[in-house]
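Good morning, everyone, and thank you for making time for this. Please take a moment to look at the sequence and the model before I walk you through them.

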Amino acid sequence: MIIILKNNAKEKSIVKLEELLQAKHIKTNHIQGINQNIIGLIGDTSCIDMDNLYAQDCVESVKRVQEPYKNSNRKFHPDNTVISIGNTKIGDGSLQIIAGPCSVESEEQIITTAIACKQAGATMLRGGAFKPRTSPYSFQGLKDEGIKLLLKAKAETGLPIVTEIMSQSDIDLFTDVDVIQVGARNMQNFELLKSLGRCNKPILLKRGLANTLEELLMSAEYIMSEGNMNVILCERGIRTFETMTRNTFDVSAIPLLKEKSHLPICADPSHATGKTSLIESMSLAAIAAGTDALEIEVHNDPRSALSDGGQQLTPAMFSDIMEKIRGLCNYFGRKIG
Ligand code: PEP
Ligand code: MN
């Protein structure tokens with residue numbers, strides 16, 4: 001981190017700034033230029049709040065030269081993180097296919113869909129038991145009953161299950177869940193992230209609707225700094241001025257996150273586009289961009305779905321897309337599962 005001092009900075013104010021930095025165990029290096037005086041900070045600057053430095057009278061501007069995320073940063077961990085889930089792994093070069101309905105609605109619905117997803121080639125089952133809905137009057141999920149039904153579907157198919165948590169007070173209900181999902185709306189629920197950092201389950205962390213990739217990595221940092229290194233980053237589209245799609249799928253986030261971080265990446269073309277007609281092309285694009293997993297919504301009868309009916313694939317549509325996915329994986333020499 002570099003601090004550029006104001007030209008009229010008073011000695012007293014510079015000394016105060018130095019004391020503040022020393023208290024945080026940061027060493028300083030003064031560089032006297034012709035037009036500008038600069039202080040270079042040496043040490044772990046991740047604990048320094050840039051905005052607070054601006055409160056010091058002598059500070060003109062502050063620049064970071066190192067990323068504020070440490071645990072998730074590839075610079076400090078060059079090898080890919082590989083996370084074990086059931087009998088399979090994510091991040092080892094294989095492609096995981098997480099498929100299933102937006103919401104768990106009934107035993108028949110989740111079991112039928114799970115069997116169909118498995119037959120088509122899915123390697124994990126998704127399904128929301130706790131649903132974050134824009135309206136409090138919309139279906140809110142079957143909650144603990146939904147998790148029980150997912151566990152039945154797991155027993156029936158052998159597929160590991162992925163489901164969303166909305167509050168840390170529900171964490172005990174997730175004991176037998178294989179992957180805990182943090183939805184886009186909770187990406188910056190820091191208390192929830194910290195409590196997930198204290199469990200040892202894989203966490204699928206979805207990018208917030210209007211969050212930068214650095215903010216996503218800082219949220220991963222909240223989980224990892226508490227001890228849980230099993231984080232999967234998920235690109236699920238961001239909000240832009242475009243209205244023809246539900247969100248705008250940021251495909252470039254996939255290779256960029258891979259460059260910046262060693263964590264596995266998942267792509268969710270269902271929420272990213274909101275349109276069944278775009279799931280195939282966006283799935284293939286995400287694979288070409290290097291995603292480690294795809295999360296795709298599939299429902300045994302999308303027309304009767306209690307949430308996200310317009311973006312959920314029928315089992316037949318999913319099966320057709322899986323054919324194309326298999327073709328592309330063959331081309332890249334990647335195995336599914
Ligand atoms: C979901 O996966 O069901 C979901 C609600 O996704 P997101 O948080 O990305 O909107
Ligand atoms: Mn959904």
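Let me begin with strand β7 (residues 96-100) and strand β14 (residues 293-297), which pair in the parallel sense over 5 bridges; here strands are DSSP runs of E with at least two residues, numbered from the N terminus, and two strands pair if DSSP finds at least two bridges between them. Within this pair, I97 has L294 of β14 as its bridge partner.

Before going further, I should say that this is a predicted model, in which local features need pLDDT of at least 70 and side-chain atom pairs count only at pLDDT 80 or more, while totals for chains, interfaces and linings use all residues. Residues are numbered from 1 along each chain as its sequence is written, chains are lettered from A and ligands numbered from 1 in the order in which they are written, and side-chain values use heavy atoms, with hydrogens and water left out.

The pair I started with belongs to a barrel, which 8 strands close in the order β7-β8-β9-β10-β11-β12-β13-β14, with parallel pairing. On average, and ignoring direction, neighbouring strands of this sheet are turned by 30° against each other, where the axes are lines fitted to C-alpha atoms and angles run from 0 to 180 degrees between N-to-C directions.

How are the strands of the other sheet ordered? That sheet is open, and its 4 strands follow the order β2-β3-β1-β4 with antiparallel pairing. β2 (27-32) and β4 (59-63) stand at the edges with a single partner strand each, so one side of each is left without a neighbour in the sheet. From one strand to the next, the twist averages 20°.

Taking the pairs in turn, β2 and strand β3 (residues 37-42) are joined in the antiparallel sense over 6 bridges, and T28 has L41 in β3 as its bridge partner. β1 and β3 pair over 3 bridges, also antiparallel, with I4 matched to I38 of β3. Strand β1 (residues 2-5) also pairs with β4, antiparallel over 4 bridges, and there I3 stands opposite V62.

Finally, we come to ligand 1, whose surrounding residues (those with a heavy atom within 4 Å of it) include R126, K131, E164, H271 and E297. Among the polar contacts, meaning pairs of N or O atoms within 3.5 Å, a polar side-chain atom of R236 lies 2.6 Å from an oxygen atom of ligand 1, while a polar side-chain atom of K206 lies 2.9 Å from a ligand oxygen. A184 contributes a backbone N or O atom, which lies 2.7 Å from an oxygen atom of ligand 1.

Conventions:
A polar contact is a pair of N or O atoms within 3.5 Å; within protein, one must be able to donate a hydrogen and the other to accept it, and residues adjacent in sequence count only if both atoms are side-chain atoms.
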